[in-house]
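The following explanation is intended for a reader who meets this structure for the first time. Please keep the sequence and the model in view while reading.

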Amino acid sequence: MIKLIGNGHEHTLGAEPDTPLLYILRDQLGLNGPKFGCGLGQCGACTVLLNGEAVFSCLTPLLLAAGKEVTTVEGLGTEGSPGPMQRAFIEEQAAQCGYCIAGMMMRAQALLRKNSSPSDVDIRTAMEPNLCRCGTHMRIMRAIKRAAALMKTADAGTSGRASP
Ligand code: FES
Ligand code: FES
């Protein structure tokens with residue numbers, strides 16, 4: 001049995017230790033935010049946070065997540081109460097097909113945890129592993145900057161989720 005914390009809830013799983021974390025999240029925990037794109041660590045659609053670090057869940061065996069905190073896009077907020085990263089992507093209308101966006105948000109979340117005021121270069125460099133093929137890159141850049149601003153407002157004492 002392997003335990004992990006998924007979006008704040010403890011789960012005990014009987015799956016094989018080498019099962020990709022992505023399959024566990026989608027098939028056993030019902031967290032469909034992370035998407036299967038390439039399965040090879042080349043697109044980023046499956047990106048989640050593992051103890052706050054962005055990882056490709058398609059390449060992460062369940063065993064590596066044992067005892068750790070896994071955060072998916074569902075952990076950033078809800079439809080009725082979106083977190084700052086989700087709000088920023090909505091306000092900038094940064095999703096076109098949307099398939100890549102959950103992974104984008106998770107990698108951006110990991111960036112802002114470490115760097116609350118990223119430059120354009122910082123954002124481009126951090127987001128490099130995540131691909132968007134539909135061309136909404138400039139909106140994604142704006143959304144990440146907006147999220148950084150929203151998180152600062154939240155940290156200053158108003159509402160919002162600045163973490164994980
Ligand atoms: S599905 Fe994981 S990187 Fe593409
Ligand atoms: S929003 Fe999906 S590929 Fe760009």
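The paragraphs below go through the sheet, then the helices, then the salt bridges.

The model is a predicted one. A suitable starting point is its sheet, which is open and built from five strands. Read across the sheet, the strands come in the order β2-β1-β5-β3-β4, with mixed pairing. At the edges lie β2 (9–13) and β4 (53–56), each of which pairs on one side only. Direction ignored, neighbouring strands of this sheet are turned against each other by 35° on average. In general, strands of a sheet pair through backbone hydrogen bonds, and the pairing is either parallel or antiparallel.

Both kinds of pairing can be followed here by taking the strands two at a time. Strand β1 (residues 2–6) and strand β5 (residues 69–71) run parallel and are joined by two bridges. Within this pair, Gly-6 is found opposite Val-70 of β5. On β3, the residue opposite Val-70 of β5 is Leu-50. Here the two strands, β3 and β5, run antiparallel, and two bridges join them.

Strand β3 also pairs with β4, in the antiparallel sense and over four bridges. In this pairing Leu-49 has Ala-54 of β4 opposite to it. The hairpin formed by β3 and β4 has two residues between the strands, and Asn-51 in this hairpin adopts a positive phi near 50°. Which way do the side chains of β3 point? Thr-47 and Leu-49 point one way from the strand, whereas Val-48 and Leu-50 point the other way. All four of these residues, Thr-47, Val-48, Leu-49 and Leu-50, are buried.

The helices come next. Helix α3 (residues 101–114) packs on the sheet, where it touches β3 (47–50), β4 and β5. The direction of α3 makes an angle of about 35° with that of β3.

Helix α3 is also in contact with α2. In general, two packed helices are described by the angle between their axes and by the distance between those axes. For α2 and α3, the axes come within 10 Å and cross at roughly 125°. Because of this angle, α2 is oblique to α3. The crossing of these two helices is right-handed. On the side of α2, the contact is made by Met-85, Gln-86 and Phe-89. On the side of α3, the residues in this contact are Ile-101, Met-104, Met-105, Ala-108, Gln-109 and Leu-112.

Which residues of α2 are buried? They are Pro-84, Met-85, Gln-86, Ala-88 and Phe-89. These buried residues pack against both α3 and α5. Just after α2 comes Gln-93, which takes a positive phi of about 50°.

Charged side chains provide a further set of links. In general, side chains of opposite charge can pair when their charged atoms come close. How many salt bridges are there in this model? The count comes to seven. One of them is formed by the side chains of Lys-114 and Glu-53, at 2.9 Å from N to O. This pair links distant parts of the chain, since Lys-114 belongs to helix α3 and Glu-53 to strand β4, 61 residues apart. With a relative accessibility of 62%, Lys-114 counts as exposed, whereas Glu-53, at 38%, counts as partly exposed.

Another salt bridge joins Arg-146 to Glu-92, with the closest N and O atoms 2.9 Å apart. Arg-146 lies in helix α5 (residues 137–155), and Glu-92 lies in the loop between α2 (84–91) and α3, so that the pair links parts of the chain 54 residues apart. Is Glu-92 buried or exposed? Its relative accessible area is 15%, under the 20% limit, and Glu-92 is therefore buried. Arg-146, by contrast, has a relative accessible area of 32% and is partly exposed. Both residues also belong to a network of salt bridges that links Arg-87, Glu-91, Glu-92, Arg-142 and Arg-146.

Helix α5 takes part in a further salt bridge through Lys-145, whose side chain meets that of Asp-120 at 2.3 Å from N to O. Asp-120 is in helix α4 (residues 120–127), and 25 residues separate Asp-120 from Lys-145. Asp-120 is partly exposed at a relative accessible area of 33%, and Lys-145, at 39% relative accessibility, also counts as partly exposed.

Technical notes
Residues are numbered from 1 along each chain as its sequence is written. Chains are lettered from A and ligands numbered from 1 in the order in which they are written. This is a predicted model: local features need pLDDT of at least 70, side-chain atom pairs count only at pLDDT 80 or more; totals for chains, interfaces and linings use all residues. Side-chain values use heavy atoms; hydrogens and water are left out. Two strands pair if DSSP finds at least two bridges between them. Axes are lines fitted to C-alpha atoms, for helices over the stretch in contact, and angles run from 0 to 180 degrees between N-to-C directions. Contact means heavy atoms within 4.5 Å. A salt bridge is a side-chain nitrogen of Lys or Arg within 4 Å of a carboxyl oxygen of Asp or Glu. Buried means under 20% relative accessible area, exposed over 50%, partly exposed in between (1.4 Å probe, protein chains only). Angles under 35 degrees count as roughly parallel, over 145 as roughly antiparallel, 65 to 115 as roughly perpendicular and the rest as oblique. A crossing is left-handed if the near helix is turned anticlockwise from the far one by less than a right angle, and right-handed if clockwise.
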